[in-house]
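Here are some short exercises to work through with the model open beside you. Try each task yourself before you read the solution.

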Amino acid sequence: MKIHDPNPKPSQTQFLIENVYESRRVVPDDGMAVQMSLLFFTARPTFWARASKIAASHLHTLAGARPRPEREVLLNPLNPEAWFVKVVYTLFLRSHSLDSYVGYLSKNLTPSLAFEVIKRLNNPKLGLRFFELSKFSLNVNHGVWTYHYLLRSLCQMGLQDSAKLVFDYMRTDGLSPNESVLEFLVSSCAQMGRSDLAEKILDEVHCSVVGLSSFVYNNLFNVLVKLNRVDDAVCLFRKYVGSHCCPDSWTFNILIRGLCRTGAVDKGVEFFSDMRSFGCSPNVVTYNTLISGLCRAHEVDRGCDLLREVQSRSELSPDVITFTSVISGYCKLGRMEEASAIFDEMIGCGLKPTAVTFNALIDGYGKAGDMSSAFSLYESMLFHGHCADVITFTSLIDGYCRAGHLNHGLQLWHEMNAKNVSPSAYTFSVLINALCKGNRLCEARDLLRELKGSNVVPKSFLYNPVIDGLCKAGNIDEANLIVAEMEEKKCTPDRVTFTILILGNSMKGRMSEAIGNFSKMLSIGCAPDKITIDSLISCLAKAGMPSEARRIKKIAYEDLNMGAPSMGRPPHLRANEIPVAV
């Protein structure tokens, strides 16, 4: 029976469910009834199309609800495809199989509708399963957008092997991903540690594509460099350069940055020298990267030569980063005259120094003991509109403490707190060490209490100077309380901590406590050094405990494989490197 709309709209198409096979009772496993549900809807302008109301009740049952009463059900009058997608999506979710509906779906499921179903599933694993079912059972020839969607979603889920499978299906269908998708696929494989898979994909692409733009390779190299896998990036560059990869300046910038960060500055210089043979010219970023790498490797004069080279090129001009790298390099070497000269030259070029520039100079002058120049630059920094940060304050505090002006350092500490600049672990370390060296243990102890209430992650090197000072003052019990505080803050005592405690207890004649410290040291896997062993053995012998001395000696030179007693101290822990109070 046809029902005419009393007020039809010219462009409106409406749908009803038609009574078909009403005499047949529908159950969830009845494929014929589900076919009727998918089905028999036809679009007729100004008319209602019908499908079985019993079939609609069946579909609703499949979706997990109670069957609807047998009545006419209106569908979306403007988008019958959305209804179809929802039905297929529901059927697939319920059964993960569409075997009962192959005949109907193979005629009506188009690539675009299959794509909508995959998107609606919103699950890469289910999407791949539906993709394979529709591809192999329903003979759907999926479009490039379906492949792109699956490749991206599978990679985002970390399912690189499944993404590679989809990539293989795509190539079998004679399709190729665009460079954006290919870059995402290759980079995500590298990100997940699957460089082998990334390389395999590139090899397969090269078999069918003449060449790829540097965009794909640059992103791959960038991922590898960020993962500190610079050697892999260099090997892939050498493999693909020329035949498939046409590098640009950014390709070299990425690789040079990676090499400089890993300390392979000379290899970075080699890449820099090879740029022009590939038709690439270094830009300011290239120079800045290499200059920074050279200066970090204490090759500041070579970095300065590159600065002069940039200045000699008419098409390039050094920027504040170029100058700051050289200034920082000279400051770290204590060559403040050269650093000051480069700073003046930068100002003369009309470049405004940054906070990083000022911090480098302040730290350099502070370590050189020239606090007058350091504080003058601090005032200049504020005049230029830069706010002092934790690096600024820490450099000034360290400088004053080195110069023996501890009270000036403490004043800056209070100024720093008043300006809500949070101290770093190094800030605490500088002041605590200085206070302990000045035998101001109570104030150092107060700083440890402040440390406890701060966001700084506690490290043993912050506690060791106070523990050492207390032990030397004979206050072993207070030192043990600080060790307990350390452990309460999940800060494990290190070799220096145990050495201080063993020596402190030994000097006080508390040999049982010293032996206990030694045993605890071994129990947590902290190996003692030779100075600790020799000192403990000597004190045990003097205390009339030869058997314990022999036992410690056996543990050290047999169980710990420390060698003969005459063996030199390990180079990584010399006696003068222990941060103790004097």
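**Exercise 1. In this predicted model, decide whether Arg510 is buried, partly exposed or exposed, and find its salt-bridge partner.**

Solution. Start with the relative accessible area of Arg510, which is 24%. Buried would need a value under 20%, and exposed one over 50%, so Arg510 is partly exposed. Next, look for a carboxyl oxygen within 4 Å of its side-chain nitrogens. Glu513 qualifies, as the closest N and O atoms of this pair are 3.6 Å apart. Finally, check the partner: Glu513 has 33% relative accessibility, so it is partly exposed too.

Now widen the view to salt bridges that share partners. One network built in this way joins Lys164, Asp168, Arg171 and Glu204. By the same distance rule, the count for the model comes to 30 salt bridges.

**Exercise 2. Find out which helix holds both Lys119 and Glu116, and describe how their side chains meet.**

Solution. First place the two residues: both belong to helix α5, which covers residues 111-121. They are three residues apart, about one turn of the helix. Then turn to the side chains, which meet in a salt bridge with an N to O distance of 3.4 Å. Last comes accessibility. Lys119 is at 33%, so it counts as partly exposed. Glu116 has a relative accessible area of 35% and is therefore partly exposed.

**Exercise 3. Work out how accessible Arg440 and Glu443 are, and give the N to O distance of their salt bridge.**

Solution. Take the distance to begin with: the side chains of Arg440 and Glu443 meet at 2.7 Å, N to O. For accessibility, Arg440 comes out at 24%, so it is partly exposed. Glu443, at 32%, is also partly exposed.

**Exercise 4. Describe how helix α19 packs with helix α20, and sort the residues of their contact by type.**

Solution. Two packed helices are described by the angle between their axes and the distance between the axes. For α19 (residues 355-367) and α20 (residues 371-383), the angle is about 165 degrees and the axes are 8 Å apart. Since an angle over 145 degrees counts as roughly antiparallel, that is the label for α19 and α20. Their crossing is left-handed.

Next, pick out the residues that touch. On the α19 side they include Phe358, Leu361, Ile362 and Tyr365. On the α20 side, Met371, Leu377, Tyr378 and Met381 are among them. Sorting the whole contact gives 10 nonpolar residues, four polar and no charged.

**Exercise 5. Decide whether Gly268 is buried or exposed, and list what it touches beyond its sequence neighbours.**

Solution. Locate Gly268 in helix α14, residues 265-274. Its relative accessibility is 0%, so it counts as buried. Leaving aside neighbours within four places in sequence, Gly268 is in contact with Ile256, Leu259 and Leu290. As a further step, compare positions along the chain and in space: Gly268 and Leu294 are 26 residues apart in the chain, while their C-alpha atoms are separated by 9.5 Å.

**Exercise 6. Do the same kind of analysis for Thr394, starting from its helix.**

Solution. Thr394 sits in helix α21, which runs over residues 390-402. With 6% relative accessibility, it falls under the 20% cut-off, so Thr394 is buried. Setting aside residues up to four places away in sequence, Thr394 touches Ser424, Tyr426 and Thr427.

Conventions
Residues numbered from 1 in each chain as written. Predicted model: local features only at pLDDT ≥ 70, side-chain atom pairs only at ≥ 80, totals over all residues. Heavy atoms only, no water. Helix = DSSP H or I, 4+ residues; strand = E, 2+ residues; numbered from the N terminus. Buried < 20%, exposed > 50% of the residue type's maximum accessible area, 1.4 Å probe, protein only. Contact = heavy atoms within 4.5 Å. Axes fitted to C-alpha atoms, helices over the stretch in contact; angles between N-to-C directions. Parallel < 35°, antiparallel > 145°, perpendicular 65-115°, else oblique. Left-handed = near helix turned anticlockwise from the far one by under 90°. Nonpolar A, V, L, I, M, F, W, Y, C, P; charged D, E, K, R; others polar.
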